[in-house]
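Open the model in your viewer and keep the sequence panel beside it. The tour below goes from selection to selection.

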Amino acid sequence: MNLNSLELNNFFLFLSSVEVGKHFYWEFFGISFHGQVLIVSWFVIFLLILFSLLGTQNLQQIPQGWQNSMESVVEFVEDIAKNQLGESEYRPWIPFVGTLFLFIFGCNWAGALIPWKLVELPEGELAAPTNDINTTVALALLTSLTYFYAGIKKKGLGYFKRYLEPTPILLPINILEDFTKPLSLSFRLFGNILADELTVSVLVLLVPLFIPLPIMVLGVFASSIQALIFSTLAAAYIAEAVEGH
């Protein structure tokens with residue numbers, strides 16, 4: 001009984017020693033930069049550029065190898081934009097929707113598949129950039145600015161008439177809706193990625209063999225779905241801004 005109590009106390013002492021939220025920062029001219037997020041983000045951007053170059057360096061009429069893979073990705077992104085924006089509107093927004101999808105997809109997979117814990121930092125540890133609220137909020141605000149730009153470009157200042165439709169009484173609610181969109185986008189992505197990484201970390205701590213593997217596989221699948229959801233909602237918001245009625 002005493003041994004079990006001692007083991008339990010040691011376990012809780014170990015848990016209490018685990019620090020959550022420690023980060024590695026770079027200081028430049030008095031400005032703090034989140035080193036963990038920047039390192040993994042640059043790594044993902046480098047891979048995306050590398051794959052793009054490999055897929056376009058030797059274009060063939062009948063695609064093979066990397067070209068075939070890249071064309072499949074482009075077709076997938078086109079389908080996302082086309083399904084939300086329609087045949088007449090989707091083409092100008094393929095680069096934006098595609099960049100969102102590929103960056104989020106790459107960040108999520110980088111956090112789920114690469115053993116970043118092997119890389120030691122002065123503080124904190126490397127992980128998916130999307131498990132940091134600053135990253136997801138930045139992506140959500142960029143999406144908000146984009147659909148405002150899309151609406152104003154298509155309708156001019158008449159775009160703001162939407163706040164008075166179908167009745168001016170709904171003006172506060174319509175304005176509030178534009179604040180809730182980036183909130184829902186950012187917290188949905190952040191919450192899902194952070195919860196997945198915490199679940200895997202706890203299971204590895206408690207049951208280090210075999211049990212965490214199905215959760216990790218499920219996490220990879222969920223990471224892909226989150227990238228699809230974010231880019232699809234971004235395309236849907238742009239479609240809402242440019243629609244005729």
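What follows is a short walk through a helix pair and two side chains in a predicted model.

**Stop 1: helix 3 and helix 4.** Select residues 65–85, which form helix 3, and residues 94–113, which form helix 4. Their axes come within 9 Å and cross at roughly 115°. Angles of 65 to 115 degrees count as roughly perpendicular, so helix 3 and helix 4 are roughly perpendicular to each other. The handedness of this crossing is right-handed.

**Stop 2: the contact between them.** On helix 3, show Val73, Phe76, Val77, Glu78, Ile80 and Ala81. Facing them on helix 4 are Ile94, Val97, Gly98, Phe101 and Leu102. Sorted by class, this contact holds nine nonpolar residues, one polar and one charged.

**Stop 3: Ser231.** Keep Ile80, Val97 and Phe101 displayed and add Ser231, which touches these three, leaving aside residues up to four places away in sequence. Ser231 belongs to helix 7, residues 212–242. Is Ser231 buried or exposed? Its relative accessibility is 0%, so Ser231 counts as buried. Next, show the backbone oxygen of Ala227: a polar atom of the Ser231 side chain lies 2.9 Å from it.

**Stop 4: Asn108.** Keep Ala227 in view and return to helix 4, where Asn108 lies. Which residues does Asn108 touch, not counting those up to four places away in sequence? They are Thr130, Leu189, Ile193, Ser223, Gln226 and Ala227. Asn108 has 2% relative accessibility and therefore counts as buried.

Definitions and conventions
Residues numbered from 1 in each chain as written. Predicted model: local features only at pLDDT ≥ 70, side-chain atom pairs only at ≥ 80, totals over all residues. Heavy atoms only, no water. Helix = DSSP H or I, 4+ residues; strand = E, 2+ residues; numbered from the N terminus. Buried < 20%, exposed > 50% of the residue type's maximum accessible area, 1.4 Å probe, protein only. Polar contact = N/O pair within 3.5 Å; in protein donor to acceptor, adjacent residues only side chain to side chain. Contact = heavy atoms within 4.5 Å. Axes fitted to C-alpha atoms, helices over the stretch in contact; angles between N-to-C directions. Parallel < 35°, antiparallel > 145°, perpendicular 65-115°, else oblique. Left-handed = near helix turned anticlockwise from the far one by under 90°. Nonpolar A, V, L, I, M, F, W, Y, C, P; charged D, E, K, R; others polar.
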